[in-house]
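Trainee: I would love to go through this one with you. Could we look at how its labels are earned?

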Amino acid sequence: MTVNRALFDEVMVPNYNPSAVIPVRGEGSRVWDQQGKEFIDFAGGIAVNCLGHCHPALVNALKEQGEKIWHLSNIWTNEPALRLAKKMTDNTFADKVYFANSGAEANEAALKLARRWAIDVHGEHKSKIISFNKGFHGRTFFTVTVGGQAAYSDGFGPKPGDVVHCDYNDLESFKALIDDNTCAVMMEPLQGEGGIIAPEQAFVEGVRELCDQHNALLIFDEVQTGVGRTGELYAYQGLGVTPDILSSAKALGGGFPIGAMLTTAEIAQHLKPGTHGSTYGGNPLACAVAEAAFDTVNDATVLAGVKEKEALFKSLLNDINAKYDVFSEIRGKGLLLGAVVNDKFKGRAREFLVASMEQGLMSLVAGADVVRFTPSLVIPEADIREGMARFEKAVASLV
Ligand SMILES: *Cc1c(COP(=O)(O)O)cnc(C)c1O
C-alpha cells in the first residue's frame, strides 16, 4: 500500500486539507517525515505537545499503565483519574473535576452544567449565554454556536438558542448585554484561534464583576492557555481573576486525548448522577499520561523556563522583523505567540507556514493575518535558535 498524501484524498472525509508532508517520528522538538527530512517543531500539535514528542515521563506512564489496565467505563473509578483530579484541585481554585476526551467536550460539560445550575437555582428564564466574537470553544454544535465565528456554526440547521456575542475587550457592549437572565459567560483568558488576543486587565476584571452583580457564572476556556502555556499553570492565575468553571484539554494530555472541566463544590453538585457522562472520559490510560504531563509541567523551573523562552522567541522574532519588516506586532504570552503580518502581507499568514515547511520548520497560523507559534514548553534554546534561523530563511524567501 502506498501511504501518501494522495491516499488522504481517496479515503478521508475532506474536512481537512493537510500538508503534503507526513511526519512519522518525533523526539523532543524535532520531527522526521517519511523521507527522513527533519523539522523543528514550533507548532507543538497546536499547543498540545507541551513536553515535545515522546517525552520519557509520558512514554513511561503510557507503558506502565498500558500493562496494568486500559479502560473500565465509569461504572468503576480508577486510580490515575483520582490522582489526577486530586492534583488538579490542589493546584487550582476548583474542588471538583469532570473528565472528558477533548476541549469541546469539556466546554460542552461546562455549558450544560451552567444551564442546569441556573435552572435549579434561579429558574428557566436564566438561560442566556454570552461569549465573544473571534472566540473558539470547539466543534460540537453547542460549543461552536457559543464560539465567536458564525461561519463555523452556520449551515447545520437550527442552533442551540439564547447564545449572544459581543466584542472581546469591549466592556461597554458587554455591560449592555449582561442581565439577570444571563446564566453564563464563556471566554478564553487569551484568545488563541482568534489571533492571539490578550484581554485588557480592566476588561477581565469588569467581566468578573458584572457576572457577580448578575449572578452569572464565569467560564474560562483554558483549553489552549492551560497547563503551563502562558507561564502559569493556568492563565487565570496570572490575571488574578478566578472563574467559576474552567475547561482544560490540549496540553493536559501532552498528546494523549483528554479534557477536563473544573469547578467549585457548590456548582458541581448540580451535575447529579445521570445528568451527564462520557464512555471514555476519565479513562485510566489517558489519566495516567495526563498525570505525568501535569506533574512535569507543574514545576517552578519549567514554568519559569516558559517565560525565559517567551523572551528569547520575541527577541529573535523582533530581530527578523527589523531586517525584513513583515510584521506589525509580535504578541502573546508564554509560548502562545503570534506575529501579526503587516499590510504588505495582509491575509497571507499561511504563506509563512508553507515557506517554513520548505525550510524544515513547523509553524501555525491563527486566522489569515497571524503566524502562530505554540512549541513544546521545554524546547531547548538550541532548537529555538535553529528554528528561528530556518524561519528567517522562510521570511527571506517571501520578501
Ligand atoms: C482547541 C480549542 C478547543 C477545542 O478543543 P478540541 O480538543 O479540538 O475539542 C476549545 N477551546 C479552545 C480555546 C481551543 O483552543
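Trainee: Which residue in β10 is the bridge partner of Ser-247?

Mentor: Happy to help, and keep in mind that this is a predicted model. The partner of Ser-247 is Met-261.

Trainee: What makes β9 and β10 a pair of strands?

Mentor: Two strands count as paired when there are at least two bridges between them. Strand β9 (residues 245–248) and strand β10 (residues 259–263) share four bridges, so they meet that cut-off, and the sense of their pairing is antiparallel.

Trainee: Where do these two sit in the sheet, and what is the strand order?

Mentor: The order is β4-β10-β9-β8-β7-β5-β6, in an open sheet of seven strands with mixed pairing.

Trainee: Why are β4 and β6 called edge strands?

Mentor: Strands β4 (96–100) and β6 (163–166) each pair on one side only.

Trainee: Which helix packs on the sheet?

Mentor: That is α5 (residues 103–121), which touches β4, β5, β7, β8, β9 and β10. The direction of α5 makes about 160° with that of β7.

Trainee: Now the loops. Why is Cys-54 called exposed?

Mentor: Exposed means over 50% relative accessible area. Cys-54 has 56% relative accessibility, so the label "exposed" fits. Cys-54 lies in the loop between α2 and α3, and its phi is near 55°, a positive value in a residue other than glycine.

Trainee: What makes Lys-134 partly exposed?

Mentor: The partly exposed range runs between the 20% and 50% cut-offs. Lys-134 has a relative accessible area of 46%, so it counts as partly exposed. Lys-134 is in the loop between β5 and α6 and has a positive phi of about 75°, although it is not a glycine.

Key
Residues are numbered from 1 along each chain as its sequence is written. This is a predicted model: local features need pLDDT of at least 70, side-chain atom pairs count only at pLDDT 80 or more; totals for chains, interfaces and linings use all residues. Side-chain values use heavy atoms; hydrogens and water are left out. Contact means heavy atoms within 4.5 Å. Axes are lines fitted to C-alpha atoms, for helices over the stretch in contact, and angles run from 0 to 180 degrees between N-to-C directions. Buried means under 20% relative accessible area, exposed over 50%, partly exposed in between (1.4 Å probe, protein chains only).
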